[in-house]
Amino acid sequence: MAGALIVGILAGAGTYLLLQRGIVRVILGFVTLGHAVNVLLVLSGGPSRRGAPIAGARGVPADPLPQAFVLTAIVIAFGITAFLLALAFRSASETGDDDPEAA
Amino acid sequence: MSTVIVRALVRPLGFLMLGLSLFLLLRGHHEPGGGFAGGLLAGAALALRRLAGTGPVRPRAGAGAAVLAAGMLIAVGYGLVGLVLGDAFLGSRVWRLGVPIVGDLKITASLVFDLGVYVVVVAVVAIFLETLEGDGWRAP
Amino acid sequence: MSRLLPLVFAVPLVLAAVGVPLRRSIGSSRALVLAGALWLVGAGGWLLWATRDGGVVVARMGGWPPPVAITLAGDTFASLMLCVSGFVVGATAVFAFARGEDRRPFFHPAALVLTAGVGGAYLTADLFNLFVFVEVGLAASYVLVVSGAGREEARAGVVYVVANLLASTALLAAIALLYGAAGSVNLAQLAGVGSDRGTAAVAGVMVMAALGIKASVVPAHGWLPRSYPLAGPAVTAMLSGLLTKVGVYAAYRVGSVVLGGSSGIRIPLLVVAGATMVIGVLGAVGRNSMREILSFHMVSQIGYLVMALGISGATALSAGVFFMVQYIVVKASLFLVAGAVESLEGTGELGRTPGLARRRPVLSTAFAIAALSLAGVPPLSGFVGKLGLVRAAFDAREYLMGGVAVVVSFLTLASMVKIWNGSFGGRAVRGPRGRQTPARLLVAPGLLTASLSVVLGLGAETLWALAERAGAALADPGAYVRAVSG
């Protein structure tokens with residue numbers, strides 16, 4: 001439940017930011033939305049589905065797959081965010097504002 | 001940001017961060033850490049140096065891209081070596097070494113892949129800093 | 001041999017890495033890109049030969065056992081796509097060389113990374129890796145789209161990046177939900193989960209929807225005509241053949257394996273297909289530049305591909321595969337000709353280059369062939385593809401869809417005639433001149449791709465047989481699933 005709330009709040013905030021005009025807000029929106037999806041990925045795993053991956057391990061094992069997914073997604077999001085920020089910086093230094101649609 | 005305190009601290013802090021990033025890189029196979037986390041920390045050290053204004057005034061243009069390519073070559077090359085030596089792309093091996101004092105040491109071949117990722121991430125941060133270093137923005 | 005499958009994307013990645021330090025030397029950079037394109041064609045050809053008995057070539061990365069390993073699987077469909085993608089990369093790269101468009105920063109490494117991402121996306125049998133490979137290709141395409149200097153291009157770039165990033169985020173969320181519902185991202189383990197488990201079916205449909213944004217189907221088509229015409233002409237041609245088609249290709253795979261042709265998605269897919277065809281072709285009406293019109297037609301033609309998926313069944317899917325392969329060639333040809341006109345005449349606006357047919361007969365012939373093929377005039381390849389699709393629609397008693405497809409074909413023809421009258425026909429008056437470059441290399445890629453369309457039309461038998469094999473495998477993915485699950 002808490003996880004669902006976190007995903008919901010992050011996704012809502014991200015969507016709100018995406019709908020703003022300035023490109024920096026759009027980028028922040030993507031970062032937030034990306035976090036929502038990452039939390040969703042973590043939540044999608046579950047130890048109940050398959051037993052411990054290593055025979056004889058004690059305790060409740062974590063599902064390793066979603067963690068690998070999240071790490072990969074974070075890496076990709078990191079690269080794209082850096083690229084977008086550089087793009088925003090370039091267009092801002094060319095036009096003086098960060099609104100990509102301003103004619 | 002370029003205050004006396006930051007400038008004084010950037011050198012020891014930078015070395016500390018670099019050391020910690022290497023630690024993260026090395027332990028990353030079974031413990032939290034790895035190439036990406038380590039690379040980001042090393043990148044943060046670079047950013048700190050840039051913020052303090054003690055870094056090189058203007059790095060050689062395109063240096064970051066060459067490092068990026070080198071990291072990519074390491075990572076993909078590792079996969080190819082696995083294909084040639086082992087039986088599969090990205091195939092890995094594990095060696096156990098009994099080192100005196102340190103104890104039982106386990107080394108996985110995929111450390112090379114992690115190293116490639118580490119280099120790529122540091123390069124991406126460097127390129128990013130290089131780009132933002134353009135005409136509009138100065139360390140205030 | 002099958003363990004060599006990762007080389008399909010590893011080799012272009014190595015070439016890209018090698019190309020970065022070599023990027024000041026334009027000759028070796030160009031050679032690297034062409035080598036990457038040829039590599040993809042060769043790999044596709046090898047795979048086509050290796051799967052000639054309808055088999056599936058499988059490689060498991062890291063040497064892990066089947067359910068754990070990330071699996072790559074190549075079948076007839078994948079090898080056809082590899083061949084045609086490599087061909088498009090090569091042809092558009094030559095065009096970029098001729099225009100000097102490759103002098104933009106990082107053009108060559110980006111093109112090679114794009115090649116690698118697309119190649120990997122065709123081969124992966126793992127949804128999460130599909131996401132990763134698509135992202136790799138997209139990241140490279142962002143560089144290609146944005147690296148132009150102009151303000152217009154930067155604006156187009158922002159639209160392009162934002163739309164695709166949103167689609168990627170949606171795809172990732174959908175994959176997370178699918179993993180949560182079905183416990184795997186391996187296509188073999190997901191086989192058929194969409195047809196019997198409720199939540200997994202919803203997640204599978206979400207995956208399809210996210211891929212739909214990438215393929216620019218209505219109602220998520222707006223980004224494509226707003227960004228493609230503003231990117232560099234060679235880049236537009238290159239992306240037109242690669243990235244949206246990866247979206248469609250993945251939708252075919254997911255629809256075939258995960259959703260198992262379940263009847264629930266049939267009606268929504270057909271509605272979307274019809275809307276995409278009609279809205280795309282109508283959107284082109286008010287446009288006044290060649291590449292803008294062609295971009296809208298791109299949306300419209302995606303509708304045909306979705307229609308085949310909606311009808312499902314071996315006949316429709318075979319026709320869909322055939323249509324997709326030849327359409328990639330035709331579309332690249334049209335964009336290449338449009339780009340050549342822009343480079344030679346300085347503008348792609350209709351009505352600004354009267355009499356082009358007299359002044360540049362070869363270029364005009366290439367356009368005429370490709371345009372007629374797009375509209376579906378016999379004996380060109382587009383006709384064979386559309387005939388197959390319409391027949392499949394009528395066979396499946398989808399008379400309305402078949403009718404829409406035929407009507408849209410006529411509208412497409414009208415639109416192509418409009419371009420012809422606006423830019424090629426009329427009396428030869430000197431239009432505004434562009435750069436005086438050696439024209440031969442600018443025209444050759446468009447002519448080459450257009451003549452391939454003729455070959456694919458006249459010699460349709462061979463490709464049709466391959467497409468039938470691919471379509472049958474899509475309609476009954478049993479062999480694919482068995483091969484992947486090992």
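Trainee: How many residues does helix H15 of chain C have, and what is its reach from first C-alpha to last?

Mentor: This is a predicted model, and in it H15 of chain C covers residues 361–375, which is 15 residues. The reach from the first C-alpha to the last is 21 Å, close to the 21 Å expected at 1.5 Å a residue.

Trainee: Is H15(C) largely enclosed or not, and why?

Mentor: H15(C) is largely enclosed by the rest of the structure, because 11 of its 15 residues are buried.

Trainee: Which ones are buried?

Mentor: Towards the start of the list are Leu363(C), Ser364(C), Ala366(C) and Phe367(C). The others are Ile369(C), Ala370(C), Ala371(C), Leu372(C), Ser373(C), Leu374(C) and Ala375(C).

Trainee: And what covers those buried residues of H15(C)?

Mentor: The cover includes several helices of chain C: H12 (290–311), H13 (314–345), H14 (356–359), H16 (381–395), H17 (399–424) and H18 (439–458).

Trainee: What comes just after H15(C)?

Mentor: Gly376(C), with a positive phi of about 95°. In the loop between H15 and H16 of chain C there is also Pro379(C). A cis peptide bond joins Pro378(C) to Pro379(C), with omega at about 5°.

Trainee: Where else is there a cis peptide bond, say at Pro219(C)?

Mentor: That one joins Val218(C) and Pro219(C), and its omega is about 10°. Pro219(C) belongs to the loop between helix H8 (198–215) and helix H9 (223–227) of chain C. As background, most peptide bonds are trans.

Trainee: What is the phi of Ser216(C)?

Mentor: Positive, about 60°, although Ser216(C) is not a glycine. Ser216(C) also lies in the loop between H8 and H9 of chain C.

Trainee: Buried or exposed, that Ser216(C)?

Mentor: Buried, because 27 other C-beta atoms lie within 10 Å of Ser216(C), and 20 or more is the cut-off for that class.

Trainee: What about Arg397(C), what is its phi?

Mentor: Near 60°, again a positive value in a residue other than glycine. Arg397(C) sits in the loop between H16 and H17 of chain C. Arg397(C) is exposed, since it has 10 other C-beta atoms within 10 Å.

Trainee: Changing topic. How many helices and strands are in chain A?

Mentor: Chain A has 3 helices and 0 strands, giving the pattern α-α-α along the sequence. Of its 103 residues, 31% are buried. Taking contacts in chain A between residues at least 6 apart in sequence, 52% join residues at least 24 apart.

Trainee: How many residues go into the contact of chain A with chain C?

Mentor: Chain A gives 23 residues and chain C gives 22 residues. On the side of chain A that touches chain C, helix H2 (23–44) and helix H3 (64–95) each supply at least two residues. The largest share there, 12 residues, comes from H3(A).

Trainee: What classes of residue make up that side of chain A?

Mentor: The side of chain A that touches chain C has 16 nonpolar, 5 polar and 2 charged residues.

Trainee: Last one. What pLDDT does chain B average?

Mentor: The average for chain B is 79, and 84% of the residues score at least 70. Over residues 135–140 of chain B, pLDDT stays under 50.

Trainee: How many contacts does the model have for residues 135–140 of chain B, beyond four places in sequence?

Mentor: The model has 8 of them. Where pLDDT is low, the predicted coordinates should not be read in detail.

How values were computed:
Residues numbered from 1 in each chain as written. Chains lettered and ligands numbered in written order. Predicted model: local features only at pLDDT ≥ 70, side-chain atom pairs only at ≥ 80, totals over all residues. Contact = placed C-beta atoms within 7 Å. Helix = DSSP H or I, 4+ residues; strand = E, 2+ residues; numbered from the N terminus. Nonpolar A, V, L, I, M, F, W, Y, C, P; charged D, E, K, R; others polar. Buried ≥ 20, exposed ≤ 12 C-beta atoms within 10 Å, placed from the backbone. Expected span 1.5 Å × (residues − 1). pLDDT = per-residue confidence, 0-100.
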